[in-house]
Amino acid sequence: MSLATSLLRQQCYIDGAWVEAADGRTLAVHNPSTGEAIGRVPSLSAEEVRGAIRAAEVAGAGWAALTAKARATVLRRWHELCMQHQEALARLLTLEQGKPLAEARGEIAYGSAFIEWFAEEAKRVYGDIIPSTTAGQRIMVLKQPVGVVAAITPWNFPNAMITRKAGAALAAGCSIVIKPASATPFSALALAELAESAGVPKGVLNIVTGQASEVGNELADNPVVRKLSFTGSTEVGKQLLRRCADTVKKVSMELGGNAPFIVFDDADLDAAVAGVMASKFRNTGQTCVCANRVFVQDAVYERFADKLKIAVEALAVGDGFEEGTTLGPLIDERAVAKVNEHIEDAVAGGARLLTGGEPHPRGGNFLWPAILTDVSRAALLMSEETFGPVAPLIRFHDEEEAVRLANDTPFGLASYFYTRDLARAWRVSEALEFGIVGLNEGIISSEVAPFGGVKESGIGREGSKYGIDDYIEIKYLCVGGV
Ligand code: ADP
């Protein structure tokens, strides 16, 4: 298909210029729905990434020296331009990522909202005055930008995972070098084009593309980078954490999840079904807050499974551009293989496929959404993030068991539960070892709320009034002789 937009940029954006790799190396980008090549982006060398970091260092000083109000004005303009180009950005996103166009439009609105939010928060970074214990002395706390920030982002939300880092960084007065996922670089480059039009000064926001480890290692190792913000797999996050130790960088890590979704027997079952559909099947199951394990209490297990089956069979699998599609393709063959492996492993362990599981006639990266019942507690699905459209149903007997099973994971990002019992609502909310709890709610993402995990799911929070803190240093100023 032809893109009716000038937003498809096939060069990196460094120091306000659109550049190729000096040696001409490129990476191809494919449409996950059709397998067709969409275009190419440069594959930069470590030296070229260093150049981008230097540009960010130089430009950062001027950006930090602006008033917060001046930075906020630029960010607000960036937000407005993103929303003016919502349709073009959404089409680009569907083209490279595969999600249904309606979801892509939603992501552009959600992603843009972070820029708007942090434009507002930029003006509210307050310091403190602390009463001193010594006469003639004043104690103050100044808040200052951390400096050059590097961001490494995933392909599942090619727009929003960038804006929630870049919005906060720029608002705080930091400059940033962003490495988008190689599968979805075009959404990032389009954001840079709009940032330039909005008046973000050259060098303040840079986009570098290339081999993940070549570019990523430079971002993690370079001493000029004072903070690394990463969203992606726990495995890569741990590697980056280790590398960042050498220069003692600040880090924000949004890593994998293994979200439990608990349906108690006093729940509104229709609401719980709607919650699973939203949290499990959005983005074809490829979000780090997707329900991964669905625990259902004995008394309602069969009824819940029947209702969920009807909802899952109503999903429309197809190309994201086709009218009515509600479930797009997975991102690539590896993702498909992992989902199939999880299903086969569960079935070998005694699980039953209530629906789905067979190959989809479209082939390629398309899958039928599936429900598994009677899943054993030893199944891979229980311990690993599936990242695909499979809902495993696990039976439980009482509240204590549900909470114990839910917490039995090294991960701690999102969790969900449905109940109408007020006391249970409090007990379980407090007992779940997760950074996010959806109580009678399947969609928890919002720019005004703190997003982040505990345990091996990460470090730091993004969005909300807390999100800007990750990009700010606290300076203690002690004034004597007053
Ligand atoms: P996902 O499953 O979301 O692709 P990854 O952790 O593999 O999770 O990828 C998230 C981001 O991390 C992407 O931008 C990817 O290119 C990048 N990445 C992958 N491997 C490395 C690495 N070894 N060093 C730095 N970045 C990496």
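# Helix packing, sheets and ligand shell

Helices α2 and α6 are oblique to each other, because the angle between their axes, roughly 130°, falls outside the ranges that count as roughly parallel, antiparallel or perpendicular. This description, like everything that follows, refers to a predicted model.

## Helix pairs

Helix α2 covers residues 68-84 and helix α6 residues 185-198, and their axes come within 8 Å. The crossing of this pair is right-handed. On the α2 side the contact is formed by Val 74, Arg 77, Trp 78, Leu 81 and Cys 82, which meet Leu 194, Ala 195, Ser 197 and Ala 198 of α6. Sorted by class, the residues of this contact comprise 7 nonpolar, 1 polar and 1 charged.

Helix α2 also packs against α4, where the axes come within 8 Å and cross at roughly 165°. Since angles over 145 degrees count as roughly antiparallel, α2 and α4 are therefore roughly antiparallel to each other. The crossing of α2 and α4 is left-handed, whereas α2 passes α6 in a right-handed crossing. From α2, the residues Ala 72, Leu 75, Arg 76, Trp 78, His 79, Cys 82 and Met 83 take part, and they meet Ile 108, Ser 112, Ile 115, Glu 116, Phe 118 and Ala 119 of α4. This contact divides into 9 nonpolar, 2 polar and 2 charged residues. Trp 78 and Cys 82 of α2 appear in the contact with α6 and also in the contact with α4.

Helix α4 (residues 101-121) has a further packing arrangement with helix α3 (residues 86-97), at an angle of about 125° and with the axes 8 Å apart. The pair α3 and α4 is therefore oblique, and its crossing is right-handed. Gln 86, Leu 89, Ala 90, Leu 93 and Thr 94 contribute from α3, while α4 contributes Leu 101, Ala 104, Arg 105, Glu 107, Ile 108 and Ala 109. Among the residues of this contact, 7 are nonpolar, 2 polar and 2 charged. Ile 108 of α4 is thus found in the contact with α3 and in the one with α2.

| Helix pair | Axis distance | Angle | Handedness |
|---|---|---|---|
| α2 and α6 | within 8 Å | roughly 130° | right-handed |
| α2 and α4 | within 8 Å | roughly 165° | left-handed |
| α3 and α4 | 8 Å | about 125° | right-handed |

## Sheets

An open sheet is built from 7 strands in the order β14-β15-β16-β13-β12-β18-β19, with mixed pairing. Its edges are formed by β14 (352-355) and β19 (436-439), and because each has a single partner strand, one side of each is left without a neighbour in the sheet. On average, and ignoring direction, neighbouring strands here are turned by 25° against each other. Within this sheet, β12 (residues 259-263) and β13 (residues 291-297) run parallel and are joined by 5 bridges. Phe 261 stands opposite Val 294 in β13.

An open sheet of 3 strands follows the order β5-β6-β22, and its pairing is antiparallel. Here β5 (128-130) and β22 (472-479) occupy the edges, each with a single partner strand, so that one side of each has no neighbour in the sheet. In this sheet, too, neighbouring strands are turned by 25° against each other on average, with direction ignored. Strand β5 is joined by 3 bridges to β6 (residues 138-145), and these two strands run antiparallel. Ile 129 stands opposite Met 140 in β6.

## Ligand shell

The ligand is surrounded by 15 residues, of which Ala 212, Gly 216, Gly 232, Ser 233 and Val 236 are the closest. Two helices, α7 (212-221) and α8 (234-245), each supply at least two residues of this shell. By class, the shell consists of 7 nonpolar, 7 polar and 1 charged residues.

Notes. Residues numbered from 1 in each chain as written. Predicted model: local features only at pLDDT ≥ 70, side-chain atom pairs only at ≥ 80, totals over all residues. Near = placed C-beta within 6 Å. Helix = DSSP H or I, 4+ residues; strand = E, 2+ residues; numbered from the N terminus. Nonpolar A, V, L, I, M, F, W, Y, C, P; charged D, E, K, R; others polar. Pairing = 2+ DSSP bridges. Axes fitted to C-alpha atoms, helices over the stretch in contact; angles between N-to-C directions. Parallel < 35°, antiparallel > 145°, perpendicular 65-115°, else oblique. Left-handed = near helix turned anticlockwise from the far one by under 90°. Contact = placed C-beta atoms within 7 Å.
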